[in-house]
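Reader: Please take me through one loop of this model, and then through what surrounds it. Keep it brisk.

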Amino acid sequence: MSELFGKTTDCCRGQGGSMHMFSREHNVLGGFAFIGEGIPVATGAAFTSKYKREVLKEANCDHVTLAFFGDGTCNNGQFFECLNMAALWKLPIVFIVENNLWAIGMSHLRATSDP
């Protein structure tokens, strides 16, 4: 919360806001400027966890990746590709969609054929 309130005591010294937080210590990979850019990064992080556990035999690697994005991202091609990869490879990832009915400045109702 201190990052969201612009406090200098947090991971990005109050400069990241809600979209650009990064913390190696807390396994926060950061935010991205464009719609959907974080989904492939999160999918890759989940693949890394699975690879460490199954190939490198790191038994203590029990990480689960959380990917947060808005419903406007669901019209983006990489959204579908990453969901397919996650299901195909059984990756430890949870996709969390904020259903706010907007994609930046475009209403979801105007941008989707079957909302």
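Author: Start with Cys61, which sits in the loop between H1 and E1. Bear in mind that this is a predicted model.

Is Cys61 buried or exposed? Buried counts as under 20% relative accessible area. Cys61 has a relative accessibility of 4%, so this residue counts as buried.

What does Cys61 touch, once its neighbours within four places in sequence are left aside? The contacts are Ser49, Lys52 and Arg53. Thr48 gives a distance to set beside them: 13 residues separate Thr48 from Cys61 in sequence, and their C-alpha atoms are 9.7 Å apart.

The same loop, between H1 and E1, also holds Lys57. Its backbone deserves a look. Lys57 has a phi near 60°, which is positive although the residue is not glycine. Most residues other than glycine have a negative phi. Is Lys57 buried or exposed? At 64% relative accessibility, Lys57 counts as exposed. The loop thus holds a buried Cys61 and an exposed Lys57.

Now the helix before the loop. H1 runs over residues 38-54, 17 residues in all. At 1.5 Å a residue it should span 24 Å, and its end C-alpha atoms are 24 Å apart, so the two values agree. Which residues of H1 are buried? They are Ile39, Ala42, Thr43, Ala46, Ser49 and Lys50. Their arc around the axis is only 115°, which puts them on the same side of H1. An α-helix has 3.6 residues a turn, so residues three or four places apart point the same way. Ser49 belongs to this buried set, and Ser49 is also one of the contacts of Cys61.

What covers that buried set? The cover includes strand E1 (65-70), helix H2 (77-89) and strand E2 (93-98).

Lys50 needs a word of its own. Its relative accessibility is 16%, so Lys50 counts as buried. Lys50 also forms a salt bridge with Glu54, with 3.4 Å between the closest N and O atoms. Both residues lie in H1, four residues apart, which is about one turn of the helix. Glu54 has a relative accessibility of 42%, so Glu54 counts as partly exposed. How many salt bridges are there by this rule? The count comes to one.

Move on to H2, part of the cover over H1. H2 has 13 residues. From first C-alpha to last, H2 reaches 18 Å, close to the 18 Å expected at 1.5 Å a residue. Its buried residues are Phe79, Cys82 and Ala86. Their arc around the axis is only 75°, which puts them on the same side of H2. The other side of H2 has Phe80, Glu81, Ala87 and Leu88, which are exposed. What do the buried residues of H2 pack against? H1, E1 and E2.

Just after H2 comes Lys90, where phi is again positive, at about 50°. Leu101 gives another case: its phi is near 65°, a positive value in a residue other than glycine. Leu101 belongs to the loop between E2 and strand E3 (102-103). Its relative accessibility is 37%, so Leu101 counts as partly exposed.

Back to the cysteines. Cys82, in H2, has 5% relative accessibility and so counts as buried. Cys74 is buried too, with a relative accessible area of 18%. Cys61, at 4%, is likewise buried. How many disulfides does a search of the whole structure find? Zero. A disulfide is a covalent bond between the sulfur atoms of two cysteines.

Last, the whole protein around the loop. Its secondary structure comes to three helices and four strands. Along the sequence these follow the pattern α-β-α-β-β-β-α. The protein has 115 residues, of which 25% count as buried. Take the contacts between residues at least 6 apart in sequence: 51% of them join residues at least 24 apart. The protein exposes about 8000 Å², and 58% of that area is supplied by carbon and sulfur atoms.

How values were computed. Residues are numbered from 1 along each chain as its sequence is written. This is a predicted model: local features need pLDDT of at least 70, side-chain atom pairs count only at pLDDT 80 or more; totals for chains, interfaces and linings use all residues. Side-chain values use heavy atoms; hydrogens and water are left out. Helices (H or I, at least four residues) and strands (E, at least two) are DSSP runs, numbered from the N terminus. The expected span of a helix is 1.5 Å times one less than its number of residues. Buried means under 20% relative accessible area, exposed over 50%, partly exposed in between (1.4 Å probe, protein chains only). The arc is that of the directions from the helix axis to the C-beta atoms. Contact means heavy atoms within 4.5 Å. A disulfide is a pair of cysteine sulfur atoms within 2.5 Å. A salt bridge is a side-chain nitrogen of Lys or Arg within 4 Å of a carboxyl oxygen of Asp or Glu. Accessible areas come from the Shrake-Rupley method with a 1.4 Å probe; for residues, only the protein chains shown count as cover.
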